[in-house]
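Please look over the sequence and the model below before reading on. The briefing that follows takes a few topics in turn for a reader who is new to this structure.

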Amino acid sequence: MTYLQFPNYPDLPDELKKEIFKIAELQDSETYDDLLINSTPEVIKMVKDIYGFEGAESKLGYTGLEARKMFPDLVKYHFLDASDKIKKWVNDTLPIKAASINIQTMTSGKSIAPHIDEIRQYALNYLLSSGGDVDLKFYELKDPADEQWVHPQIFIPYDKLEVKETTKVPLNTWHMLPTSKIHSVENFDPTQKRIALTISIL
């Protein structure tokens, strides 16, 4: 099975790339510790409304600040609002139905531990800065009975998983990521920032 797909969509215009870098540089966000999200107040409210304030109970993995202790190398993850100009280009140009259009940045750590995403089933991403020699990995559970404990609020220990696919995502290329599958992002350079336009698809 191939998890990651690379659709042949139009390249992002240079002026929008520059705008994304500017937004990422000037990022202003709040923190939601239960899900380890750093985002704008609007996105924080949306996630709270959907999931509540507490991470769901799980016998498989770790939530919130507990996850930060168990995975001390976790990056700081920011999920930021895209500008109206970026949103208009996406909606007018790409043959998809976008639930939300955002900019994500990852920095100051070495990994995003295995997880599935909140809210969305797929993410269409356009990577602008790699953050190092980074690997995107997909996993399957070693014990299928653990499936009942997999939900978006947890990070899953590596010893519970088997790696099924490892990919290095190229810059300036669209890639479709099935975020409902267990995945991690590894080998960040903590001194660099990974920046991407991310489009959520339900």
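**Briefing on selected features**

A polar atom of the side chain of His115 lies 2.8 Å from the backbone oxygen of Ala113. This distance, like every other value here, comes from a predicted model. His115 belongs to strand S6, and the points below begin with that strand before turning to the aromatic rings, to helix H1 and to a loop residue that touches this helix.

**Strand S6 and its surroundings**

- His115 counts as buried because its relative accessibility is 11%, which is under the 20% limit for that class.
- When neighbours within four places in sequence are left aside, the residues in contact with His115 are Ile154, Phe155, Lys181, Ile182 and His183.
- Ser111 is also found in strand S6, and with a relative accessible area of 8% this residue is buried.
- Leaving aside neighbours within four places in sequence, Ser111 is in contact with Asp73, Leu74, Val75, Tyr158, Val185, Glu186 and Phe188.

**Strand S12 and its partners**

- Strand S6, which covers residues 111–115, pairs with S12 in the antiparallel sense over 3 bridges, and in this pairing His115 stands opposite His183 of S12.
- S8 also pairs with S12 in the antiparallel sense, here over 4 bridges, and Lys137 stands opposite Ser184 in S12.
- Strand S12 (residues 183–186) is covered on both faces, since His183 and Val185 on one side are buried, as are Ser184 and Glu186 on the other.

**Aromatic rings**

- The count of aromatic pairs comes to 8 when ring centres must lie within 6.5 Å of each other.
- In one of these pairs, the ring centres of Phe71 and Phe155 are 6.3 Å apart and the ring planes stand at 55°, so the pair is classed as tilted.
- That pair links distant parts of the chain, 84 residues apart, with Phe71 in the loop between helix H3 (64–70) and strand S4 (76–81) and Phe155 in strand S9 (residues 154–155).
- Both partners are buried, Phe71 with a relative accessible area of 11% and Phe155 at 12% relative accessibility.
- For Tyr139 and Tyr158 the ring centres are 6.4 Å apart and the planes are at 65°, and because planes over 60 degrees apart fall in that class, the pair is edge-to-face.
- This second pair also links distant parts of the chain, with Tyr139 in strand S8 (residues 135–141) and Tyr158 in the loop between S9 and strand S10 (161–167), 19 residues apart.
- Tyr139 counts as buried at 4% relative accessibility, whereas Tyr158 counts as partly exposed at 34%.
- Ring pairs link Phe71, Phe155, Tyr139 and Tyr158, together with Tyr62, into a cluster.

**Helix H1**

- Helix H1 (residues 14–25) has 12 residues, which at 1.5 Å a residue should span 16 Å, and the 17 Å between its end C-alpha atoms agrees with that expectation.
- An α-helix has 3.6 residues a turn, so residues three or four places apart point the same way.
- The buried residues of H1 are Leu16, Lys17, Glu19, Ile20 and Ala24.
- Seen down the axis of H1, these buried residues fall within an arc of 160°, so they line one face of the helix.
- The exposed residues on the other side of H1 are Asp14, Glu15, Lys18, Lys22 and Glu25.
- The elements that cover the buried residues of H1 include S4, helix H4 (84–93), strand S5 (100–107), strand S7 (122–129) and strand S13 (193–201).

**Ser83 and its link to the helix**

- Ser83 is found in the loop between S4 and H4, and this residue is buried, with a relative accessible area of 16%.
- Not counting residues up to four places away in sequence, Ser83 touches Glu19 and Ile23.
- Although Ser83 and Glu19 are 64 residues apart along the chain, their C-alpha atoms are separated by 8.3 Å.
- The side chains of Ser83 and Glu19 make a polar contact with each other at 2.5 Å, and Glu19 is one of the buried residues of H1.

Note on methods:
Residues are numbered from 1 along each chain as its sequence is written. This is a predicted model: local features need pLDDT of at least 70, side-chain atom pairs count only at pLDDT 80 or more; totals for chains, interfaces and linings use all residues. Side-chain values use heavy atoms; hydrogens and water are left out. Rings of Phe, Tyr and Trp (its six-membered ring) pair if their centres lie within 6.5 Å; planes under 30 degrees apart count as stacked, over 60 as edge-to-face and the rest as tilted. Helices (H or I, at least four residues) and strands (E, at least two) are DSSP runs, numbered from the N terminus. Buried means under 20% relative accessible area, exposed over 50%, partly exposed in between (1.4 Å probe, protein chains only). The expected span of a helix is 1.5 Å times one less than its number of residues. The arc is that of the directions from the helix axis to the C-beta atoms. Contact means heavy atoms within 4.5 Å. Two strands pair if DSSP finds at least two bridges between them. A polar contact is a pair of N or O atoms within 3.5 Å; within protein, one must be able to donate a hydrogen and the other to accept it, and residues adjacent in sequence count only if both atoms are side-chain atoms.
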